[in-house]
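Colleague: Before I rely on any description of this protein, I would like to hear how its terms are justified.

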Amino acid sequence: MGVVNVTPDSFSDGGLWFDEAAAIQHGLELVGEGADIVDVGGESTRPGAARVSLEEELARVVPVISALTSEGVTVSVDTMRAEVAKAAVEAGASLVNDVSGGLADPVMPRVVADTGVAYVVMHWRGHSHDMDSRAVYADVVTEVREELAKRVDLVLAEGVSEEQVVLDPGLGFAKNAAHNWALLGGLPDLADLGYPLLIGASRKRFLGKLLADADGTPRPFSRSDDATVAVTALAAQAGAWCVRVHEVGPNADAVRVAAAWRGRGAGR
């Protein structure tokens, strides 16, 4: 899954694809590099980010989604708003990537159920402005697993089918670096819930901290792409369904290597 942030303030590439034409072109380029899905978002969810209006989010994402799907691209919409999800699906999106797992907008599960598209339910404890204060766990893998299971039960009760559900442990969302690493190591436990897993580690702060200079200065976001590739390979080896990344080419290669390692690429 390649990322197209149609925003001026996303944490690693804010502003690069804010222009509609640039966003469309970038989406097509990501497909050319090997993306199976292009994830289009119009609202930054970086720590501390303020929300944009519904009208602004719609104006950012719908034209881009419409243009990409008209070119045969499989598109997901990265949104917490049911109205944006509905408009995006009407424009051709085939997946709703909701970082709140339906908590930010309680109407979202019913809208997704009506559309029949795939639904990414992410582990989430609150909006960006205060999510860091919610990063408190006794056992992060167990608690995230239990909280995701409860969210799935609730979205299923709203009419979403089991076949629509994809789970995301929400790396970096109300989690510190230690929590993120524990969740990556615990992917088999999360996979036991029985749903496909989406992993979004690309360029996140915990990678920059791991690769910090001797004086403790974190590695810049744009220079953690190699570490992202390593996470991609390991996540694919652990059975992840999809990885959400900014640089598609090297990560697509990592997925192919992992598939061969697992025996699915034998003879190619």
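Modeller: What follows takes the terms in turn, for a model that is predicted.

Colleague: What makes the protein agree with a compact globule?

Modeller: The radius of gyration is 17 Å, and because a compact globule of 268 residues would have one near 18 Å, the protein agrees with that expectation. Along its principal axes, the C-alpha trace spans about 45 × 45 × 40 Å, and 53% of the 268 residues are buried.

Colleague: How do you know that the reach of helix α2 is close to what is expected?

Modeller: The helix runs over residues 54-70, and its 17 residues reach 24 Å from the first C-alpha to the last, which is to be set against the 24 Å expected at 1.5 Å a residue. Just after α2, Gly72 takes a positive phi of about 85°.

Colleague: Why are Val61 and Leu68 of α2 called buried, and what covers the buried residues of this helix?

Modeller: Buried means under 20% relative accessible area, and Val61 and Leu68 are among the residues of α2 that are buried, as are Leu54 and Ile65. The cover for the buried residues of α2 includes α1 (20-32), β2 (38-41), β3 (75-78) and α3 (82-90).

Colleague: What makes you say that both faces of strand β1 are covered, and how do you know that β1 and β2 pair?

Modeller: On one side of β1 Gly2 and Val4 are buried, and on the other Val3 and Asn5 are buried, so by the cut-off of under 20% both faces count as covered. Pairing needs at least two bridges, and β1 and β2 have four, in the parallel sense; in β2, Val38 is the bridge partner of Gly2.

Technical notes
Residues numbered from 1 in each chain as written. Predicted model: local features only at pLDDT ≥ 70, side-chain atom pairs only at ≥ 80, totals over all residues. Heavy atoms only, no water. Helix = DSSP H or I, 4+ residues; strand = E, 2+ residues; numbered from the N terminus. Expected span 1.5 Å × (residues − 1). Buried < 20%, exposed > 50% of the residue type's maximum accessible area, 1.4 Å probe, protein only. Contact = heavy atoms within 4.5 Å. Rg over C-alpha atoms; globule rule 2.2 N^0.38 Å.
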